[in-house]
Amino acid sequence: MSPDQTLRRLRCLPLLLLWLPGLCSAAASGASALFETLRDRVFQVRVVDIASGDKTTIGSGFRVDSAGLVATNFHVVSLLIHEPAKYRIELLGQDGLTRPATVLAIDVLHDLAILRGQQADGPAFGLTSGTPGQGERIYSMGNPEDLGMTIIEGNYNGLIAASRFERLLFSGSLNPGMSGGPAFDRHGAVVGVTVAKGGEQLGFLVPAAHLQALLRRANETAVPGDLKAEIARALLEDSNTFFDQRLQETWHRGRFGELSLPRDLSPSLKCWGQNTETKESDYSRFHQQCQSQEYLFLTEDFYTGDFSYSYEWLNAGRLNPFQFYTAVTHRYTHTSLENVDDAEQVTNFRCTTDFVRIDGTAWKASICLRRYLEYPGLNDASLVLVSLHSNRDAAIIRMAAAGIHRERALALFQKLMRAIEWTR
Amino acid sequence: MDTLIVNVPGRGARGASLIRSTDGNLRLGRGFHNDIVLDDPFVAAEQLRFVRDDHSWYVEVLERTNPVLLNGSPLRDPRARLNSGDQITVGRTDLSVYDEAHPVDPPRRLAFSSWLSAHRVGPWLALMVLFVVGGLDALAEFLTQSADLDWQKPAYGVLFSAAFIAVWAAVWALLGRALRHQPHYFAHLLVSALVSFGMTLLLPLAALAEFASSSEKLGEIATFGVAVLGLSVLLGLNLFLATNLRRTARTALLFSVCVAGLVYLGSHHEDAPFQAEPVYSALVLPPFMHVTGERPIEDFIGSAAPAPADD
């Protein structure tokens with residue numbers, strides 16, 4: 001306990017005896033005190049449709065520079081970045097005044113943006129250089145559901161293990177509208193930027209270090225460059241780094257049915273397995289699938305960054321070969337990425353399907369690719385394989401990646417196919 | 001041309017009539033005192049007279065309210081010479097005139113429909129074939145398609161198909177009754193059942209074509225090909241039984257190709273230009289049906305088509 005706290009506690013004792021409320025409960029007044037001190041540094045960030053004059057997206061933001069630089073999430077202002085002629089940004093302060101703002105710098109991988117507000121100067125939040133202790137009380141401010149500026153309390157629960165894009169876990173009650181707001185310790189030093197709600201009392205923060213880096217970049221550039229080109233560059237670079245690692249690593253192997261297959265392809269993937277043998281289905285199957293847990297927001301209808309693979313083993317049970325392969329046909333499907341459904345963002349898929357020899361047996365293989373129209377070099381890629389080694393058993397293997405360079409996708413698929421081996 | 005034979009086509013349920021001349025004259029008109037009575041309100045009571053003059057026959061026009069056409073051209077002369085095979089139009093009736101020596105075409109060969117002509121197809125044969133074919137169909141579908149071992153789906157499917165075949169045969173029987181005065185219902189039922197079974201045997205070939213080529217486009221074309229073949233054979237037999245058309249096979253094939261073309265265009269016209277899901281050949285058949293070879297991994301990867309450039 002700090003000297004301040006000790007002094008406060010000692011002062012409380014006699015006052016408790018006199019039953020004078022209001023001067024005690026230092027912990028309870030922590031949030032209110034912080035709110036009072038910091039409220040004028042936090043804004044509601046609004047993306048306004050120029051034609052109608054009404055707000056289309058709302059979020060929160062906070063001053064990170066006394067000259068009026070405001071931090072928020074990239075996804076709060078993405079509409080403006082994609083259609084700058086249709087939208088403008090406003091910052092609504094605690095004084096009830098709105099100020100125009102422009103986007104100065106973005107970090108699409110960490111969902112951050114720095115805005116330059118006009119006449120938005122004032123005291124700014126400081127960014128912490130250290131990390132709070134596990135379970136330490138931290139606070140978040142923002143404008144949930146457009147209801148007004150609020151402060152909530154929660155616990156800091158550290159970096160999520162094996163997250164690809166680095167997120168902190170905040171056990172507090174975040175709500176839509178608070179995105180882009182600050183999460184700070186009891187000294188008011190920003191620990192992270194609120195980015196998403198995970199569930200009940202579960203939220204995610206972007207570590208302050210990334211905001212620090214973005215702020216440095218923002219200060220180095222007086223005029224924002226082509227933001228969309230910046231997004232494309234960042235996505236491609238990150239994707240290449242991630243998949244180059246997968247290509248260079250030696251993959252561990254595990255047994256799956258009669259196959260030896262790669263496993264644990266990335267620590268950022270979560271894996272589940274299931275055995276489905278029910279009375280209703282006259283054949284049996286068990287499967288394992290591994291999927292990334294984080295996605296990169298590009299627009300409300302366009303996400304990228306997904307990476308997944310799955311293995312499935314089917315056995316004919318009571319079915320004859322024709323019946324069994326009818327069932328196999330129904331299961332022979334590409335991974336449904338469901339990340340975008342917009343002809344202006346992506347092309348159609350183009351697929352190549354043929355028979356391939358893998359470890360001495362015939363497999364039917366299909367590769368499908370589609371290109372991102374606004375992010376050169378990036379594709380969605382999917383592979384599905386089915387073995388043709390037996391009338392009674394079949395293996396189906398899938399792999400899919402959203403936002404990957406074509407050559408890396410093919411190299412990845414080739415590496416997977418080469419890694420498939422029969423154990424018998 | 002000693003004897004004149006006038007062919008008056010039938011109307012409604014009446015067949016055509018052939019009137020042979022017995023002496024040198026034949027009178028034609030709406031009046032009941034004529035040798036040839038036409039029930040056509042556009043024909044006068046006494047319209048034409050056929051006159052024999054020195055081994056030739058002539059037609060005389062007796063009344064000119066409406067034009068009389070000889071071989072498509074209006075007859076202006078009061079009398080015109082007739083040749084065997086001439087066509088005369090009075091009112092709205094077409095007649096043709098022949099002499100006894102008029103040449104006739106050699107008989108048309110019936111080919112595979114000779115059996116149908118030679119045998120009256122009775123109800124028992126047709127129904128038995130329909131029953132057997134339906135049973136085999138349902139069995140085949142259950143044994144090859146039923147991944148959930150549900151026999152009810154193929155059974156109900158076949159019942160529905162059998163009902164459809166019964167209605168199809170009935171429609172053709174009605175047409176045959178109208179055009180040839182012979183319904184041949186059970187013959188239609190028999191051929192429809194047999195063709196449907198033929199399709200059951202041939203459609204797996206289309207599936208095999210898709211599997212072997214890994215191309216859903218080729219599979220689709222093969223399926224349409226089998227459908228056109230089946231429909232042509234079926235329509236050819238239906239037309240043969242129900243109509244007097246000369247080129248039933250050719251007509252049936254042309255019609256089938258047109259229908260298939262329209263169906264194909266219609267189904268693809270509905271396709272949105274943008275498709276969020278990939279389109280690829282998902283058909284997997286048992287390994288013993290895989291008869292084409294496989295490519296090495298590198299070869300396959302090298303051939304992977306890039307995403308569309310300008311969509």
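Contact here means heavy atoms within 4.5 Å. By that criterion, and leaving aside neighbours within four places in sequence, A:Ile397 is in contact with residues including A:Leu259, A:Trp363 and A:Leu385. The model is predicted. Chain A and chain B share an interface that buries about 4,600 Å².

**Chain A overall**

- Chain A holds 7 helices and 25 strands.
- Its C-alpha trace spans about 85 × 55 × 40 Å along the principal axes.
- Of the 424 residues in chain A, 56% count as buried.
- Take the contacts in chain A between residues at least 6 apart in sequence: 63% of them join residues at least 24 apart.
- The exposed area of chain A is about 18,400 Å², and carbon and sulfur atoms supply 51% of that area.
- Chain A carries 42 positive and 47 negative charges, and the mean positions of the two sets are 4 Å apart.

**Nonpolar cores**

- The largest nonpolar core has 41 residues.
- Six of its members touch the most others: A:Leu259, A:Trp363, A:Ile367, A:Leu385, A:Ile397 and A:Met417.
- Helix α7 of chain A, residues 406-419, gives this core its largest share, with 7 residues.
- A second core is separate and has 39 residues, among them A:Phe74, A:Val76, A:Tyr87 and A:Phe302.

**Around A:Ile397**

- Beyond the three partners named at the start, A:Ile397 is in contact with A:Leu261, A:Leu383 and A:Val384.
- Its contacts also include A:Ser310 and A:Tyr311, along with A:Leu416 and A:Ile420.

**Interface between chains A and B**

- Chain A brings 56 residues to the contact, and chain B brings 47 residues.
- Carbon and sulfur atoms give 62% of the area buried between the two chains.
- On the chain B side, B:Phe274, B:Val284 and B:Phe300 supply 15% of the area that chain B buries against chain A, more than any other three residues.

**B:Met289**

- B:Met289 sits in the chain B loop between α6 (248-269) and β12 (295-296).
- B:Met289 counts as partly exposed because its relative accessibility is 23%, and the buried class requires a value under 20%.
- Leaving aside neighbours within four places in sequence, B:Met289 is in contact with A:Phe322 of chain A, and with B:Leu208 and B:Phe211 of chain B.
- B:Met289 and B:Leu253 are 36 residues apart in sequence, and their C-alpha atoms are 31 Å apart in space.

How values were computed: Residues numbered from 1 in each chain as written. Chains lettered and ligands numbered in written order. Predicted model: local features only at pLDDT ≥ 70, side-chain atom pairs only at ≥ 80, totals over all residues. Heavy atoms only, no water. Core = buried A, V, L, I, M, F, W, Y, C linked by side-chain atoms within 4.5 Å. Buried < 20%, exposed > 50% of the residue type's maximum accessible area, 1.4 Å probe, protein only. Helix = DSSP H or I, 4+ residues; strand = E, 2+ residues; numbered from the N terminus. Areas by Shrake-Rupley, 256 points an atom, 1.4 Å probe, with all protein chains shown as cover. Lys, Arg positive; Asp, Glu negative; His and termini not counted. Charge placed at Lys NZ, Arg CZ, Asp CG, Glu CD. Buried area = accessible area lost by both parts, 1.4 Å probe.
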